[in-house]
Amino acid sequence: MSARLDRAALTAMRDFERAALETFAPRVFCCSGTGCHATGSIPLIEALRQEAARQGGAVQVIETGCNGFCALGPVVIMQPGGVLYCKVRAQDAADVIASAGGRPVERLLYRDPDGNAVAGMDSIPFFALQRPWILRNKGRIDPENIGHAVAHEAYQGLAKALFDMTPERVVEEVRASGLRGRGGAGFPTGLKWKFAAASPGDVKYVLCNADEGDPGAFMDRSILESDPHAVLEGMLIAAVAIGSRHGYIYCRSEYPLAIHRLTVAIGQARELGLLGENILGSDFSFDLEIYQGAGAFVCGEETALMRSIEGRRGMPVPRPPFPAQQGLWGKPTVLNNVETFAGIGAIIRLGAACHAGVGTEGSTGTKVFALSGDVNNIGLVEVDMGTPLSVLVNDIGGGVPGKRKCKAVQLGGPSGGSIPAHLLDTPVDYEAITKAGAIMGSGGVIVMNDRTCMVDMARFFMDFIQDESCGKCTPCREGTRRQLEILTRICEGKGEPGDLRALEDLAAVITDASLCGLGQTASNPILSALRHFRGEFEAHIAEKRCPAKRCVALLKFEVDEERCRKCGLCFKACPAGAVEWAKKKTARIDREKCVQCLACYTACPFDCIE
Amino acid sequence: MAPLNALTPDQLAQADAVVAEHRGTPGSLITVLRLCQDIAGYFPPELVERIARGMNLPVAKVYGVVSFYSLFSLEPKGRHQIRVCTGTACYVRGVREVLDRVERRFGVKAGGTCGSGRFSLEPVRCLGACGLAPVMVVDRDVHGGVTPDSACEILEGYE
């Protein structure tokens, strides 16, 4: 299939591949994302293939990208029927293959919290409450097979943009969809394209920001690993709209699998004439390359990212001029995030209304979130804009594990903030989330239980920010370091009465006097923690007490004798032999031997380590 | 007498080939550095100078880029590289305790290499595998859901 396609041939290929996918039954889709790789999906796929061959070859095994249900990986989906198997091991391969088209393997089914087996994917709340739009192909195509993507309408939007629409019409369609940049700031995508299209110049660039640096965010990695062609198509359509011939995907080097799958996808697209000269037989030409980052959080900022592609230190520069006028190498440039590009193809193919009709008035469409932290169903989820956070955390996420309670939800990474549990009815909408003291950000949602100390979390984020500050603006470089010092002191029980005021004063200066988004939002974790959890800071400073019992320096490492149930779990957990315990005896900690590693504290189910 | 960490002639030849391939391509310095680090493991001064000469750039500029990005190292690494994810999800799930224990057990400081050269320990930015938190990567093996105990047990398997 090395022939270059024109539009008719693309449609014929789609119909052929779709028919092949539909007639070739039964099929086993095995997740092969980074998460499932770590839990053993590579040997599993090998075993499934061998078993399929051994049992007659009637069952097709397809390796897919991230399915999203990472906590229960490796995940296998049987088609037809949609039966989902969790935590499948290589030794289960024979049973899995044998069950194709027959009775499901009971022991591998998902169990609901009451212990009942659930066979159908659609009956599991984790999947049933989502609306897969960006992730529509997750877990059902082989990302390294362009035929699968084409069968599911890939590049049809490009064909429409090339042959049925003018570039102005493409920009207008994206504007009408209400799509806002999914990287964090939420700038209207159509407007960005309009500015770049209007900028004079023969050379323009389309850049894809795949430098997903926010800790706790893995949406872009999963999209690239499961559906790379959706991203390529989005970039191609942007190139048609603004008149660009060249693009770059700036991807973190920490994502080797995503880079590999992108490389394969680009190669296949070139071979079919979907990239390169005269795409689909038109007079439009565009090609792109992957640029690997070298580990600097600030390079997620658009001007820093462009400096990095130019081979320099990734330091932001003042705007204006905006990248739409003078971006990479001083040329007009459009830069969008992976998730933004991944949604473009369908908007063009199906029309703006299908996107504009979903979500809320100011925030249309769906949003992909990476749900993690203290939550049962860790994974990748996609919901309509406007969905309350509580649905995300409690219904899709299955709530907090064990008997602990949700204390807060952190959104937006180091530029964001924490929303306390009593505000979980806040809808996911750019404005509503900002009002609650966080930001939408790129989509990391980290659930924290009642053992999380908010002072310690603020310290954690400041440690990150001061390390990642590029050093160009003094307020950010020096100010964040001073904030970290103050927070560290508070966590160590050396807080002073004026500390909170100092933190707030520093925050005001850093926010006002920094050049880029990193500095301007650097104090958000502190400000949001102070807004919702001021009492915790005051307890650390005035009473030298950590209410969540997390700050080691403020713990006494004593067993509360009244609450101790004499279970001995702390004794078993202690690596230093510092816990004295015998059956039916209250445990006691020998402070001389104690290394303050918190193993006993973590092990105790009754919260009795003070 | 060659200095302790001198590069082999073969490594130098490979680095030269990388430089020759990319010389003249605008913006290729970071790519060249990434490939050279794959060859040499880290950047001794002689390598920084050689790349600068080959790319026709000031040494200061090359050094500036090397020291800016966390991927690049100016120090040699141990036989095995332990990368411990310090993303938010891993932090919330107790990666600090894992780091503390590994540091004590193997006598290695975060960001450093242990005396025997067996391990380099590096706390790294979010690896995007939050579903497996806390995550530890040893060389190329990803280990999810590690505890202080299991992390040490895993590391015992690497000599």
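How many salt bridges does the rule find across the interface of domain 1 of chain A and domain 3 of chain A? The count there is 0 salt bridges. This report looks at that interface in a predicted model, then at the contact between the two chains, and then at some smaller features.

**Domains of chain A**

Chain A is divided into domain 1 (20-124), domain 2 (154-356), domain 3 (366-449), domain 4 (454-542) and domain 5 (555-610). The centres of domain 1 of chain A and domain 3 of chain A, taken over C-alpha atoms, are separated by 29 Å. In the contact between them, 5 residues of domain 1 of chain A meet 5 residues of domain 3 of chain A. Together the two domains bury about 370 Å², and 60% of this lies on carbon and sulfur atoms. On the side of domain 1 of chain A, three residues supply 68% of the area buried against domain 3 of chain A: A:Gly68, A:Phe69 and A:Ala71. No other three residues supply more. By class, the side of domain 1 of chain A that touches domain 3 of chain A has 4 nonpolar residues, 1 polar residue and no charged residues. The interface still has polar contacts, with 3 residue pairs found by the rule (both at pLDDT 80 or more).

**The contact between chain B and chain A**

Chain B gives 36 residues to its contact with chain A, and chain A gives 57 residues. The table puts the values for this interface beside those for the two domains.

| Item | Chain B and chain A | Domain 1 and domain 3 of chain A |
|---|---|---|
| Area buried | about 3700 Å² | about 370 Å² |
| Part on carbon and sulfur atoms | 56% | 60% |
| Salt bridges | 4 salt bridges | 0 salt bridges |
| Polar contacts (both at pLDDT 80 or more) | 18 residue pairs | 3 residue pairs |

A salt bridge between chain B and chain A joins the side chains of B:Arg125 and A:Asp467, at 2.6 Å from N to O. On the side of chain B that touches chain A, the elements that give two or more residues are helix H2 (29-40), helix H4 (59-68), helix H5 (88-92) and helix H6 (95-106) of chain B. Of these, H4(B) gives the most, with 5 residues. The residues on this side of chain B divide into 17 nonpolar, 11 polar and 8 charged.

**Chain B by itself**

What does the secondary structure of chain B come to? The chain has 7 helices and 4 strands, and from the N terminus on its elements run α-α-α-α-β-α-α-β-β-β-α. The C-alpha trace of chain B spans about 50 × 40 × 25 Å along its principal axes. Chain B has 159 residues, of which 53% count as buried. Among the contacts in chain B with a separation of 6 or more, 60% are between residues 24 or more positions apart.

**A covered helix in chain A**

Helix H14 of chain A covers residues 338-350 and is mostly covered, with 11 of its 13 residues buried. The buried residues include A:Glu339, A:Phe341, A:Ile344 and A:Ile348. The N-terminal end of H14(A) is capped by A:Asn337, which has a side-chain oxygen 2.8 Å from the backbone nitrogen of A:Glu339. After H14(A) comes A:Gly351, with a positive phi near 95°.

**Two buried residues of chain A**

Is A:Ser523 buried or exposed? A:Ser523 counts as buried because its relative accessible area is 0%, under the cut-off of 20%. This residue lies in the loop between helix H21 (517-520) and helix H22 (524-542) of chain A. Leaving aside neighbours within four places in sequence, A:Ser523 is in contact with A:Gln483, A:Ala507, A:Ile510 and A:Thr511.

A:Cys251 is found in strand S8 (residues 246-251) of chain A. A:Cys251 also has a relative accessible area of 0%, so this residue is buried. Not counting residues up to four places away in sequence, A:Cys251 touches A:Ala210, A:Leu224, A:Ile259, A:Ile290, A:Tyr291, A:Gln292 and A:Gly293. A:Cys251 and A:Asp220 are 31 residues apart in sequence, and their C-alpha atoms are 9.7 Å apart in space.

Conventions: Residues are numbered from 1 along each chain as its sequence is written. Chains are lettered from A and ligands numbered from 1 in the order in which they are written. This is a predicted model: local features need pLDDT of at least 70, side-chain atom pairs count only at pLDDT 80 or more; totals for chains, interfaces and linings use all residues. Side-chain values use heavy atoms; hydrogens and water are left out. Contact means heavy atoms within 4.5 Å. Buried area is the accessible area (1.4 Å probe) that two parts lose on being put together, summed over both. A polar contact is a pair of N or O atoms within 3.5 Å; within protein, one must be able to donate a hydrogen and the other to accept it, and residues adjacent in sequence count only if both atoms are side-chain atoms. Ala, Val, Leu, Ile, Met, Phe, Trp, Tyr, Cys and Pro count as nonpolar, Asp, Glu, Lys and Arg as charged, and the others, Gly among them, as polar. Domain bounds come from an automatic or database domain assignment. Buried means under 20% relative accessible area, exposed over 50%, partly exposed in between (1.4 Å probe, protein chains only).
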